[in-house]
Amino acid sequence: MRMKRRDFFGLGLSTAALAACGKVANLPSTTSSATPVAGNKSTNSTTLRLGFQPPYVAVYALREQKLLEKAFAGQSINFEFRRLLSLKPVAEALSANALDLGLGGTPVAAIASGQPIRVIALVERSPKTHALLVLPNSPIKTIADLKGKKLGNPSGKSYYFAGKVLERAGLKDTDIKWVQIENDAGRAALLSGAIDVWGTWDPFYASAEVAKEVVPLVDGEGYQLNYVALFGRIDYIEKNPEVVQKFLQAYKQAVTWAKDNRQAAVNILVKENKLSPEAASLTLGRRNLIFEPPNDEYRQELINQSQLFARLGLIKQQPNWDKAIDTTLAKTIAAS
């Protein structure tokens with residue numbers, strides 16, 4: 001019996017790439033060798049496909065520490081990890097049945113549109129990892145200076161942090177020009193003058209900052225809690241509760257390992273994301289790794305986000321958070 005794990009850690013795939021390929025499983029990949037595990041023979045094989053973003057070191061730790069092999073010893077199961085650059089392609093891949101679980105900010109707009117996505121755990125609370133960045137010599141010195149300027153980010157108007165910054169400063173969403181641009185292109189766009197402000201997060205933020213190419217106009221502290229969540233397709237979660245629970249148990253162990261082995265975690269980020277040691281250390285230093293079930297503070301943040309999106313006309317109805325949030329799967333694991 002073998003447990004297979006396909007790793008796609010080297011890819012930074014855009015929404016366009018997903019659409020062109022039809023489904024994630026057909027994308028070019030780097031495939032690891034299958035890992036043998038002991039157990040009784042079985043004709044059943046389950047697959048878990050996870051979409052994640054570059055800074056989530058616990059995903060890499062799952063592989064480095066062989067935590068999945070330990071959690072699923074004796075079972076035939078395939079793991080496919082797909083690295084995507086931002087939340088939108090993760091949510092789209094889930095909706096297209098090309099992923100089973102996702103990791104990142106909560107896809108509020110997708111859930112509001114009726115996509116069958118459920119949140120099952122919280123794994124970070126890291127507000128300072130997000131920032132609106134400008135050039136060191138930019139004439140933009142305050143939030144008020146954003147009026148009439150081009151703000152580029154992967155989510156367009158649905159970037160909650162940027163929307164919150166504008167609203168608190170008394171600016172309307174129509175007071176700036178929104179440019180939707182993926183994280184791998186935002187830095188060059190800012191340096192070239194194609195955009196005036198770059199809305200992004202670590203490690204993209206940290207990489208440009210340590211290179212002294214940008215300065216933060218404002219970061220996420222005080223504007224958003226920036227909980228990072230594990231979420232997935234409702235049908236997959238309900239059909240494979242034991243697989244999901246074991247995965248959560250392994251992920252919790254990966255979080256603990258990353259917190260207890262900081263330098264090793266930094267080294268992983270350097271290797272997997274081709275970061276400088278300084279950028280990797282800064283990225284990890286701004287991340288507050290946790291593992292807990294969705295809590296009331298998180299729920300209120302989602303309500304705040306959906307209310308802002310409704311005011312901006314980005315969603316037509318409030319999500320049903322009672323249906324979209326499950327606290328039971330992570331609660332037992334978090335307490336163990």
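Here are four short exercises on this structure, each with a worked solution.

This is a predicted model, in which local features need pLDDT of at least 70, side-chain atom pairs count only at pLDDT 80 or more, and totals for chains, interfaces and linings use all residues. Residues are numbered from 1 along each chain as its sequence is written, and side-chain values use heavy atoms, with hydrogens and water left out.

**Exercise 1: the two sides of a helix**

Task: Find which residues of helix 7 are buried, and what they pack against.

Solution. Start with the terms: helices (H or I, at least four residues) and strands (E, at least two) are DSSP runs, numbered from the N terminus. Buried means under 20% relative accessible area, exposed over 50%, and partly exposed in between (1.4 Å probe, protein chains only).

- Step 1. Helix 7 spans residues 183–192, and its buried residues are Asn183, Gly186, Ala189 and Leu190.
- Step 2. These residues sit on the same side of helix 7, because they cover an arc of only 100° around the axis; the arc is that of the directions from the helix axis to the C-beta atoms.
- Step 3. Their packing partners are strand 7 (130–134), strand 10 (197–201) and helix 8 (204–210), where contact means heavy atoms within 4.5 Å.
- Step 4. Turn to the face pointing away from the buried side, and you meet the exposed residues Asp184 and Ser192.
- Step 5. Just after helix 7 comes Gly193, with a positive phi near 90°.

**Exercise 2: salt bridges across the sequence**

Task: Work out which parts of the chain are tied together by the pair Glu238 and Arg118, then do likewise for Arg286 and Glu209.

Solution. A salt bridge is a side-chain nitrogen of Lys or Arg within 4 Å of a carboxyl oxygen of Asp or Glu.

- Step 1. The whole structure holds 17 salt bridges.
- Step 2. In one of them, Glu238 and Arg118 have their closest N and O atoms 3.2 Å apart. Glu238 belongs to helix 9 (residues 234–239) and Arg118 to strand 6 (residues 117–125), so the pair ties together parts 120 residues apart in sequence.
- Step 3. Now check accessibility: Glu238 is exposed at 53%, whereas Arg118 is buried at 13%.
- Step 4. Arg286 and Glu209 also form a salt bridge, with closest N and O atoms 3.0 Å apart. Arg286 lies in the loop between helix 12 (277–285) and strand 13 (289–292) and Glu209 in helix 8, so this pair ties together parts 77 residues apart in sequence.
- Step 5. Arg286 is buried at 15% relative accessible area, while Glu209 is partly exposed at 23%.

**Exercise 3: a pair between two loops**

Task: Locate the two partners of the salt bridge between Asp173 and Lys157.

Solution.

- Step 1. The closest N and O atoms of Asp173 and Lys157 are 2.8 Å apart.
- Step 2. Asp173 is in the loop between helix 6 (160–168) and strand 9 (177–180), and Lys157 in the loop between strand 8 (150–153) and helix 6, 16 residues apart.
- Step 3. Asp173 counts as buried at 18% relative accessibility, and Lys157 as partly exposed at 30%.

**Exercise 4: strand 12 and its neighbours**

Task: Describe how strand 12 is enclosed and how it pairs with strand 5 and strand 6.

Solution. Two strands pair if DSSP finds at least two bridges between them.

- Step 1. Strand 12 covers residues 227–233; seven of its seven residues are buried, so it is largely enclosed by the rest of the structure.
- Step 2. With strand 5 (residues 101–104), strand 12 pairs in the antiparallel sense over four bridges. Here Gly102 stands opposite Phe231.
- Step 3. Strand 6 and strand 12 also run antiparallel, joined by seven bridges. Glu124 stands opposite Val228 in strand 12.
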